[in-house]
Number of protein chains: 2
Amino acid sequence: MKRIYFDHSATTPVDKRVLKEMLPYFGEIFGNASSMHSFGREAYKALEQARGRVAGLLNCAPGEIIFTSGSTESNNLVLRGIIKALGEGKKAHIITSSIEHDSVMEPCADLEKQGVAVTYLPVKPSGVVDVGELRKAIRPETILVSIMYANNEVGVIQPIAEIAQELSKRDKKIYFHTDATQAVNALDCDVNKLGVDFLSLSAHKIYGPKGVGALFIKNKSPLKGIQLGGRQEKNLRSGTINVSGIVGLGKAAEIAGEEREKNNKKIGKLRQKLVKGIIKSIPDLLFNTDVNNSLPSHAHFSFRGAEGESILLYLDMEGIAVSTGSACASGSLEASHVLSAMGVSEEIAHGSIRFSLGKYNTHAEISKLLKKLPPIIGKLRKLNPIYKK
Amino acid sequence: MKRIYFDHSATTPVDKRVLKEMLPYFGEIFGNASSMHSFGREAYKALEQARGRVAGLLNCAPGEIIFTSGSTESNNLVLRGIIKALGEGKKAHIITSSIEHDSVMEPCADLEKQGVAVTYLPVKPSGVVDVGELRKAIRPETILVSIMYANNEVGVIQPIAEIAQELSKRDKKIYFHTDATQAVNALDCDVNKLGVDFLSLSAHKIYGPKGVGALFIKNKSPLKGIQLGGRQEKNLRSGTINVSGIVGLGKAAEIAGEEREKNNKKIGKLRQKLVKGIIKSIPDLLFNTDVNNSLPSHAHFSFRGAEGESILLYLDMEGIAVSTGSACASGSLEASHVLSAMGVSEEIAHGSIRFSLGKYNTHAEISKLLKKLPPIIGKLRKLNPIYKK
């Protein structure tokens, strides 16, 4: 059975062109990029080429990019690193939203234990942050605002440029970070247009390898490293440079920029077919993705009377991979904090399935899903003693 | 010109067998190991197989291994994580040595700024930590001792089991960490024989990929995560699991264990030839590696009257890659803190070259070095106006 993958928000396969560029950097060109000899210099050259490619995608200077092990590290570094640079021994305040990824939520909770104040902005029912609420939340001691560019669960896009503009009106500089992990495939990530000071991304969400990511740090923005040692990456991220991974990220970034429009068009059509088909064939559901303000890849539904994990497992038996929310939170029985923030009741949130499409998906795959899903929902509802249509 | 690589302490090429095992985990088996569907389950299976292999190398339970981005992260995690778990709001004391890698030294310096007391033990002229000094340094508030297993610059081996025994005599538990990054290829890393609670290692030093490492955490040892988010790796190291990298580390660990003896024998003979040849043909040098208590791969010399970087660059022009110290510290003009701690004067320390041999080196390569090096030293000494033999 040829399996079908609709979970690109969790991770993506490595594009063959990306792997091809990476391959020489395992065995042949294997130097430590910090070494002075020729093996080191060729590794360094590859590192800097990749930095240029990522900078190209974000329209920034190569010197404004540092490499990390992924977005989780990038997010942790921004949150802790700016407090380390600006907030130690002082009153400090961070503003974020109530629908951020755990890699922002959990460091924020940890910083709260250390005495940093954190405001978690509410969102509208569509999942969008209210810029008016943000304005009200700003305090004299606000150091950082961290709002994701697009949400990993429902795919909703946040008004990053508008928030940046709001922040720029202040007398005192408030730094602005966006976690763009989910956005890079589909949205323009020009940091000048966005107006951000920090931007996080991961290679494995854009058809690159796992274990590598980047952080954009606008020229001269204050940040102190958390992982210390060999002073790599301007002393902001010590540890031997992961050359093969970074080469992969560079190529993946280049492809993401070049093929964004083409992929968006294709994936958007697939989503349209998926959404229409599901809404037509399955009653009593919530469609949690605002198609007019979301990543084209995402379609998030809550099916009343059917448990998300059961739907996932039944679809898995048919060779179709979907998710109940974020992969990171799987295993957790708590309802998604994103849906809660959007006002979805816990009861219906438990029947949630996220479809996240990718550039290799086909119409035939959507057709198969549309054939398989309705009877699964029907069966689960029949088995549910308290479900009454 | 076929180049020669004598810098295995900085990094190693990926063994072909390692790369072969990794390859399917980029494009074919690409799932997120936290996903519940079949793509996730096969990734998870690979993850757990790799964990078993690393555990096999260390003779511990698979549940005592977590994966990180490398030893720098593992070291940072132990040092910060144990303070987070046991030392917050209390008087806390760490003992380490004055010859540790920067990824131990710098987090220690950072913890000092936060009020943690740190003792940096002196070493004997051979580079070995004095266990008597360690005993004297212990305080009631000592939480952790962190001593590397083998040194990255001169290759000296520390008496880890003896230190563990000393610590076990105390009424109060003092946790013991060893950075085994340099040791894994050559030394028995059985954590029971060593008696450690934490052990760090990196894949790229054992013919595995860059960007991945592990931390052994003895059952129930207290530690709190620093990088937070998706709660992977028992919530001690969040971030999407780097499956291909971890598969590579697993295979590299398996090979390291199986072929250790064979490689040690081969590399030991090569070193013998190198050391004899250099001592015979070049006068007025220090040989800083105690051949009776060091990694068989390492030979560290200080050549009076010749500058290390110049030697490196001249050898590089001959296609021979060596290092002046640690790759991580290259670019720095300060004399090595390891040599300083061993009592080598700054003046002669500046003429240092580290040869670190690997399993692919040959006798012919050593012969070439022995032909090329003496005239280089001779030339540099001639050019040096203050050098008088």
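Good morning. A polar contact of 2.9 Å links the side chain of B:Ser74 to the side chain of B:Thr68, and I should like to begin there. The model before you is a predicted one, and the values I quote were computed from it.

B:Ser74 belongs to helix α4 of chain B, which covers residues 71-87. Is this serine buried or exposed? Its relative accessible area is 0%, so it is buried. If we set aside the neighbours within four places in sequence, the residues in contact with B:Ser74 are B:Thr68, B:Ser200, B:Leu201, B:Ala214 and B:Leu215. B:Thr68 thus appears both in the polar contact and in this list of contacts.

Let me turn to the cavities. How many of 30 Å³ or more does a search of the whole structure find? There are 11. The largest has a volume of about 390 Å³. It is lined by 38 residues, of which A:Thr72, A:Ser202, A:His204, B:Gly239 and B:Thr240 are the closest to its centre. Those names come from both chains, A and B. Two elements each supply at least two residues of the lining: α4 (71-87) of chain A and β2 (65-68) of chain B. Helix α4(A) gives the largest share, four residues. In character, the lining divides into 23 polar residues, nine nonpolar and six charged.

Next, two helices, beginning with α5 of chain A, residues 102-113. Its 12 residues, at 1.5 Å a residue, should span 16 Å, and the end C-alpha atoms are indeed 16 Å apart, so the two values agree. Where does this helix stand with respect to the rest of the structure? Nine of its 12 residues are buried, and α5(A) is therefore largely enclosed by the rest of the structure. The buried residues are A:Asp102, A:Ser103, A:Val104, A:Met105, A:Glu106, A:Pro107, A:Cys108, A:Asp110 and A:Leu111. Just after the helix, A:Gly115 takes a positive phi of about 100°.

The second helix is α14 of chain B, residues 363-383. With 21 residues at 1.5 Å each, an span of 30 Å is expected; the end C-alpha atoms lie 31 Å apart, which agrees. Which of its residues are buried? They are B:Glu365, B:Ile366, B:Leu369, B:Leu370, B:Leu373, B:Ile376, B:Ile377, B:Leu380 and B:Arg381. As background to that spacing, an α-helix has 3.6 residues a turn, so residues three or four places apart point the same way. The cover over the buried residues of α14(B) includes, from chain B, the strands β1 (4-5), β10 (298-303), β11 (320-321) and β12 (352-356), together with the helices α10 (243-281) and α11 (308-317).

Helix α10 of chain B also holds B:Asn263. This asparagine has 14% relative accessibility and so counts as buried. Beyond its neighbours within four places in sequence, B:Asn263 is in contact with B:Gly268 and B:Lys359.

I now move to some exposed positions in chain B. B:Ser168 is in helix α7, residues 160-168, and its relative accessible area of 54% makes it exposed. The side chain of B:Ser168 reaches the backbone oxygen of B:Gln165 at 2.7 Å. B:Gly195 is 27 residues away from B:Ser168 along the chain, and their C-alpha atoms are separated by 8.9 Å.

B:Gly56, in helix α3 (residues 38-58), counts as exposed at 54% relative accessibility. What separates the C-alpha atoms of B:Gly56 and B:Glu254? The distance is 7.6 Å, although the two residues are 198 residues apart along the chain.

I close with backbone angles. Most residues other than glycine have a negative phi. B:Arg231 has a positive phi, near 65°, and is not a glycine. Its place is the loop between β8 (213-217) and α9 (232-235) of chain B. B:Lys234, another residue other than glycine, has a positive phi near 60°. This lysine lies within helix α9 of chain B, and at 59% relative accessibility B:Lys234 counts as exposed.

Thank you. I would be glad to return to any of these regions in the discussion.

Note on methods. Residues are numbered from 1 along each chain as its sequence is written. Chains are lettered from A and ligands numbered from 1 in the order in which they are written. This is a predicted model: local features need pLDDT of at least 70, side-chain atom pairs count only at pLDDT 80 or more; totals for chains, interfaces and linings use all residues. Side-chain values use heavy atoms; hydrogens and water are left out. On a 1 Å grid over the protein atoms alone, a cavity is a set of points where a 1.4 Å probe fits but cannot get out, and a pocket is an open set with protein on both sides within 12 Å along at least five of seven lines; lining residues have an atom within 4 Å of a point. Grid points are joined across faces, edges and corners, and a volume is the space filled by probe spheres set on the points. Ala, Val, Leu, Ile, Met, Phe, Trp, Tyr, Cys and Pro count as nonpolar, Asp, Glu, Lys and Arg as charged, and the others, Gly among them, as polar. Buried means under 20% relative accessible area, exposed over 50%, partly exposed in between (1.4 Å probe, protein chains only). A polar contact is a pair of N or O atoms within 3.5 Å; within protein, one must be able to donate a hydrogen and the other to accept it, and residues adjacent in sequence count only if both atoms are side-chain atoms. Contact means heavy atoms within 4.5 Å. The expected span of a helix is 1.5 Å times one less than its number of residues.
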